[in-house]
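This report introduces a structure to a reader who has not met it before. Please keep the sequence and the model in view while reading.

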Amino acid sequence: MASKKAIAIEIGYSFTKVCEVDYKAKTHKIYKSFTVPNGAEVVNDGALMISSEYVENLQRALVANRVKTKQVVFTVTSSKIASREVTIPFVKENRIMDVVNANATDYFPVDLSQYQLAYTILGTIGETKGAQQYKLLVMAVPTALLTGYYDLAKALKLELAAIDYASNSIFQVVKDECAKGRHIIVKIDERASLVMAVENSVLTFTRSVSYGFEEVMDTVMNTLCWGEVSSVDQAIRVLQRNECIIPGAGAGTDEDAEDSERAEASAMSAKDRALEDVREAVMPLIGGITRVIDYYASRNSGEGIERILLTGAGADFKGMAQMLARETNMPVTVLKEAAGWNLMRNFRNECFSEYIACVGAAVAPLGFKQEAEKRSKDKAKKKSGEGGTNWAPLAYTVFGVGLVAAAALAAVPLIGYAKLTKTNMELKAQAGSLEDIIPIYNEYVETKSKHMMAEAMYKATESRNEELEEFLGELEDKLPSNVNVISLTSEQFQVTINMRVGTKDDAGEVVEQMRTFQSLVPELVTVTSLVEEENEESGEHAVNFTVTATYQAVGYEPEETENMEGTNGVEGTENDGTDVAADDTAE
């Protein structure tokens, strides 16, 4: 019996990837694969804006590649797809969706009538049968986003088999490859990237990164170092064939050996500048991916990450894997083969990383489309009155009696109920109109978190050394004139001063004065050494001593209290006398 085939389609910003594959088969075979230029922009964060020209181009490409399959599967990537990791009781698998629907409002506090739900089983928690729970990744997709794919399938005259989420599509390809240990899969696309974690063939983590290789591509198109690059396809080929990201031997330029030394130096200088621009353009992408991996690693201690598998259109850029390996300090491999998939044979010599999500979409797609069909059938069934006895007359009679009784007994509450119902409907409509603010709010939360981190880092770098000039001014104003400062060392938290005075009383007076400094902690101004010297020739006495003092905290403001200065003076005299006497005895 021949395998059931399907057309798998992933629509990007510049190109649409198309594969003809087996649909929901145990063995995987890829019959055809090709890309179609989009022309004008047809997708915005997963939402389609199809035109008749785009549909015609896609139809011509299907005919040109002799694709006669009538079933289509779409795989979608969008920041509008919300996901939550949840745990539910260990019920039968055919009842999981009922449990998800029953608790959906707890997972997603939005108007769920405008969304479709699907889930992926991440694993089970608990060892004993009675204590086991399912760990799920539940996803909510706006129905408006899926409508464009229904319309496109209809325009192509194809039967829509399913709509899948890109992370699930990729997981179906790599799950056997990641059967043991922890693995990170990174899919780099034009304007966004996807970071996933697979542990022992279980998808445990998925996050979107709002950076892609578009800026890198634009940088290549804005320089002439690799010739005239005027299209997206040309820029991608340049990045695949040349060492643009990490420079290496033979970086892809055919310089004439007979050029003059000056011209050669000039060419290399221009190339170096271009390479530097490319590296600067790629760093936000690498940084975004690295932050997500660090976040995952911080939440999952124990067994380390074995490797990072790189896929997507940006995976084949020369130097991309090396750059990511250098920044993450982990082994990075471009996905060339996966267990159960003969990718090298199916794709031959062409770059196939960009097709990974496409080929995996037909393996075990999520149930977005099935859920929509079920709702449509239920509505149709209700309208036609199928499936049982017509209880309408009895229902109308009971309703009429109940309505009369309610009107007689609760006329006033009904008015209040009507008002509350109207308010409830208005609030739901308002909530629906504000759904677009969710990405803005998420961006605000992320920005606020980054600001707080930056502020905390800045505060950690603050020290009294920044106010050293003010401290020196206070030292000059308050120290007695007969004090000779030999040396001063200021650190982040304390200051050490070596001084010379005539007598021990003078030393005590110095310590007393320093304990009145606003920038110092009075109790932590101490004499750490004291030496009394006598000049044999002149007979003059001198006292050399060292004072160590601790700075007040940054931003400290002293409280204004009456007679504070006098109190400090008395305490300072007593302490100074004790310190000097103790040090003198030690000497």
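## Nonpolar cores

Leaving aside its neighbours within four places in sequence, isoleucine 11 is in contact with Thr16, Asn38, Val42, Val43, Leu48, Tyr54, Tyr149 and Leu152. The model in which these contacts are found is a predicted one. Ile11 belongs to the largest nonpolar core, a set of 71 residues, and together with Val359 touches the most other members of that core. Apart from it lies another core, of 44 residues, which includes Val209, Val238, Ala274 and Ala281. In soluble globular proteins, nonpolar side chains tend to be buried together.

## A strand enclosed by the structure

Strand E9 covers residues 133-142, and eight of its 10 residues are buried, so the strand is largely enclosed by the rest of the structure. Which strands pair with E9? One partner is strand E7 (residues 82-89), which runs antiparallel to E9 and is joined to it over eight bridges. Within this pairing, alanine 82 stands opposite alanine 140 of E9. Strand E8 (residues 115-125) also pairs with E9 in the antiparallel sense, over 10 bridges. Here threonine 124 has tyrosine 134 of E9 as its bridge partner.

## Salt bridges

The structure holds 15 salt bridges. Three of them are set out below, each with the distance between N and O atoms.

| Basic residue | Acidic residue | N to O distance |
|---|---|---|
| Lysine 187 | Glutamate 10 | 3.0 Å |
| Arginine 95 | Aspartate 98 | 2.9 Å |
| Lysine 478 | Glutamate 474 | 3.5 Å |

The pair formed by lysine 187 and glutamate 10 links distant parts of the chain: lysine 187 lies in strand E11 (residues 182-188) and glutamate 10 in strand E1 (residues 5-11), 177 residues apart. Both lysine 187 and glutamate 10 are buried. Glu10 and Lys187 are also linked with Asp189 in a network of salt bridges. Aspartate 189 is placed in the loop between E11 and strand E12 (193-199). Is this aspartate 189 buried or exposed? Its relative accessibility is 19%, and the limit for a buried residue is under 20%, so aspartate 189 counts as buried. Beyond its neighbours within four places in sequence, aspartate 189 is in contact with Glu10, Gly212, Phe213, Gly312 and Ala313.

The bridge between aspartate 98 and arginine 95 has another setting. Aspartate 98 is partly exposed, with a relative accessible area of 32%, and arginine 95 counts as partly exposed at 47%.

The salt bridge of lysine 478 and glutamate 474 lies within one helix, H16 (residues 468-478), where the two residues are four apart, about one turn of the helix. Lysine 478 is partly exposed, with a relative accessible area of 30%, whereas glutamate 474, at 14%, is buried.

## A nonpolar patch on the surface

Which residues make a nonpolar surface patch of about 260 Å²? The patch is made by Ile437, Ile438 and Ile440. Isoleucine 440 has its place in helix H15 (residues 437-461). With a relative accessible area of 53%, isoleucine 440 is exposed, because exposed means over 50%.

Methods:
Residues are numbered from 1 along each chain as its sequence is written. This is a predicted model: local features need pLDDT of at least 70, side-chain atom pairs count only at pLDDT 80 or more; totals for chains, interfaces and linings use all residues. Side-chain values use heavy atoms; hydrogens and water are left out. Buried means under 20% relative accessible area, exposed over 50%, partly exposed in between (1.4 Å probe, protein chains only). Two strands pair if DSSP finds at least two bridges between them. A nonpolar core is a set of buried Ala, Val, Leu, Ile, Met, Phe, Trp, Tyr and Cys residues joined through side-chain atoms within 4.5 Å. Contact means heavy atoms within 4.5 Å. Patches are made of residues with over 30% relative accessible area and no salt bridge: like charges are joined within 9 Å, nonpolar side chains (Val, Leu, Ile, Met, Phe, Trp, Tyr) within 5 Å. Accessible areas come from the Shrake-Rupley method with a 1.4 Å probe; for residues, only the protein chains shown count as cover. A salt bridge is a side-chain nitrogen of Lys or Arg within 4 Å of a carboxyl oxygen of Asp or Glu.
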